Amino acid sequence: MSRKLEDLHPDLLPKAKAFLAECERQSVDVVILCTYRSNEEQADTYAQGRTKPGKVVTWAKPGESKHNFTGPEGQPSAKAFDFAVLRNGKITWGTGGNGIDDDPTDDATDDLELWQRAGAIAEAQGLEWAGRWPKNKCEFPHAQLVT
C-alpha cells in the first residue's frame with residue numbers, strides 16, 4: 001500500500017496537492033494514508049470485517065477500487081486517496097458530534113465537523129468525497145476523481 005502522491009493518476013495529483021494545501025490554509029490537519037493499493041492489498045482490505053477481524057473499511061473488491069488503477073506501463077496511477085483527520089496531532093476516527101455549525105464551543109470535541117470540513121475541501125477541488133455516500137457505504141476517509 002502506497003502513501004506516495006506520485007502514485008496518483010495525473011488528473012488526481014494536482015487536486016490532491018490542492019486539497020492538502022487548502023486543508024493547511026484552513027487549519028484542518030490531515031494526513032494521506034493510502035494512494036495506490038494493489039489488487040492483493042485490496043483483497044486483504046476487503047476481507048477486513050468479513051473474513052478477518054475488524055470493521056468493514058471498504059466496499060470495493062479487488063479491481064473495483066479506484067485505488068487499484070495502473071498506467072499503461074503497469075505503474076501505479078490511483079484515482080483515489082484515503083486520508084485521516086487529526087486532532088492535536090493524533091488521527092481521529094470518530095464521527096461523533098453535530099457537524100459543521102456556528103457554535104465554536106464544541107469544535108475541540110466535534111469529530112464529525114473535522115471530517116465534514118475536510119470533505120468540503122475535497123469537494124471544492126472537484127473530488128467526490130465518500131463521506132456523502134449512502135450510510136451503508138459511507139467512507140469518510142476516501143476521496144476520488146469524479147467519473
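## Helices and salt bridges, talked through

Trainee: We're looking at a predicted model here, so let's start with E113: which residues does E113 touch, not counting those up to four places away in sequence?
Mentor: E113 sits in helix α3, residues 111-124. Leaving out residues up to four places away in sequence, E113 touches G99, I100, D101, D106 and D107.

Trainee: And how far from E113 is the nearest side chain of opposite charge?
Mentor: E113 is buried yet has no salt bridge. A salt bridge needs the nitrogen and the carboxyl oxygen within 4 Å. For E113 the nearest side chain of opposite charge is R117, and the distance is 4.9 Å.

Trainee: On to helix α1, residues 13-25: what span should its 13 residues cover?
Mentor: Take 1.5 Å a residue, and remember that the expected span uses one less than the number of residues. The end C-alpha atoms of α1 are 18 Å apart, which agrees with the expected 18 Å.

Trainee: Within what arc do the buried residues of α1 fall, seen down its axis?
Mentor: The buried ones are A16, F19, E22 and C23. They line one face of the helix, because seen down the axis of α1 they fall within an arc of 130°.

Trainee: Which exposed residues does the face of α1 turned away from its buried side carry?
Mentor: The buried residues of α1 pack against β1 (30-34), β2 (80-87) and α3. The face turned away from that buried side carries the exposed residues P14, E24 and R25.

Trainee: R25 forms a salt bridge; with which residue?
Mentor: R25 counts as exposed because its relative accessibility is 60%. The partner lies in helix α1 too, 3 residues apart from R25, about one turn of the helix. At 19% relative accessibility, that partner counts as buried. The closest N and O atoms are 2.7 Å apart, and the partner is E22.

Trainee: Which residue forms a salt bridge with R37?
Mentor: The closest N and O atoms of this pair are 2.9 Å apart, and the partner is D82. The pair links distant parts of the chain, with R37 in the loop between β1 and α2 and D82 in strand β2, 45 residues apart. R37 is buried at a relative accessible area of 4%, and at 13% relative accessibility so is D82.

Trainee: Last one: how far apart are the closest N and O atoms of D44 and K52?
Mentor: D44 is partly exposed, with a relative accessible area of 43%. K52 is partly exposed as well, at 32%. The two form a salt bridge, and the distance between the closest N and O atoms is 2.7 Å.

How values were computed. Residues are numbered from 1 along each chain as its sequence is written. This is a predicted model: local features need pLDDT of at least 70, side-chain atom pairs count only at pLDDT 80 or more; totals for chains, interfaces and linings use all residues. Side-chain values use heavy atoms; hydrogens and water are left out. Helices (H or I, at least four residues) and strands (E, at least two) are DSSP runs, numbered from the N terminus. Buried means under 20% relative accessible area, exposed over 50%, partly exposed in between (1.4 Å probe, protein chains only). Lys and Arg count as positive and Asp and Glu as negative; His and the chain ends are not counted. Contact means heavy atoms within 4.5 Å. The arc is that of the directions from the helix axis to the C-beta atoms.
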